[in-house]
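Here's a quick briefing for anyone opening this structure for the first time. Have a look at the model, then read on.

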Amino acid sequence: MAKTTLKIEGMMCEGCVKSVRESLEKTDKVTSVDVNLKKGTATVEHGGATDEALIKAVVDAGFRASVKHGLFS
């Protein structure tokens, strides 16, 4: 399994978290999603989903996203 962490902009509440999580869970090859409101991130475990597909899922939910590279808190 691969793991991708996305930085998500615009989440303000648990409803936002739910929208992002549900949209990512519907993405092909995604096996699990952990969205963190406080950090503004989503960690996605998948079997080969592309960065573009993951970002598109977040955009479709109404938020901005980018792939995080390197260490961050």
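Let's start with one pair: Val33 has Val44 in β3 as its bridge partner. That pair belongs to a chain with two helices and four strands, where helices (H or I, at least four residues) and strands (E, at least two) are DSSP runs numbered from the N terminus. Keep in mind that this is a predicted model, in which local features need pLDDT of at least 70 and side-chain atom pairs count only at pLDDT 80 or more, while totals for chains, interfaces and linings use all residues. Residues are numbered from 1 along each chain as its sequence is written, and side-chain values use heavy atoms, with hydrogens and water left out.

**The hairpin**
- β2 and β3 run antiparallel and are joined by six bridges; two strands count as paired if DSSP finds at least two bridges between them.
- Four residues sit between β2 and β3 in this hairpin, and Gly40 in the turn has a positive phi of about 70°.

**The sheet**
- Now zoom out: the four strands make an open sheet in the order β2-β3-β1-β4, with antiparallel pairing.
- β2 (30-36) and β4 (64-67) are at the edges with a single partner strand each, so one side of each has no neighbour in the sheet.
- On average, neighbouring strands of this sheet are turned by 25° against each other, direction ignored.
- Over at the β4 edge, strand β1 (residues 2-9) pairs with β4 in the antiparallel sense, over four bridges.
- Ile8 stands opposite Ala65 in β4.

**The helix across it**
- Helix α1 (residues 14-25) lies across β1, β2 and β3 (41-46), and runs at about 165° to β2.
- For that angle, axes are lines fitted to C-alpha atoms (for helices over the stretch in contact), and angles run from 0 to 180 degrees between N-to-C directions; contact means heavy atoms within 4.5 Å.

**The whole chain**
- Going from the N terminus, you'll meet the elements as β-α-β-β-α-β.
- The radius of gyration is 11 Å, close to the 11 Å from the globule rule for 73 residues, so the chain is as compact as a globular protein of that length. This radius is taken over C-alpha atoms, and the rule is 2.2 Å times the number of residues to the power 0.38.
- Of the 73 residues, 36% are buried, meaning under 20% relative accessible area with a 1.4 Å probe, protein chains only.
- Among contacts between residues at least 6 apart in sequence, 63% join residues at least 24 apart.

Definitions and conventions: Buried < 20%, exposed > 50% of the residue type's maximum accessible area, 1.4 Å probe, protein only.
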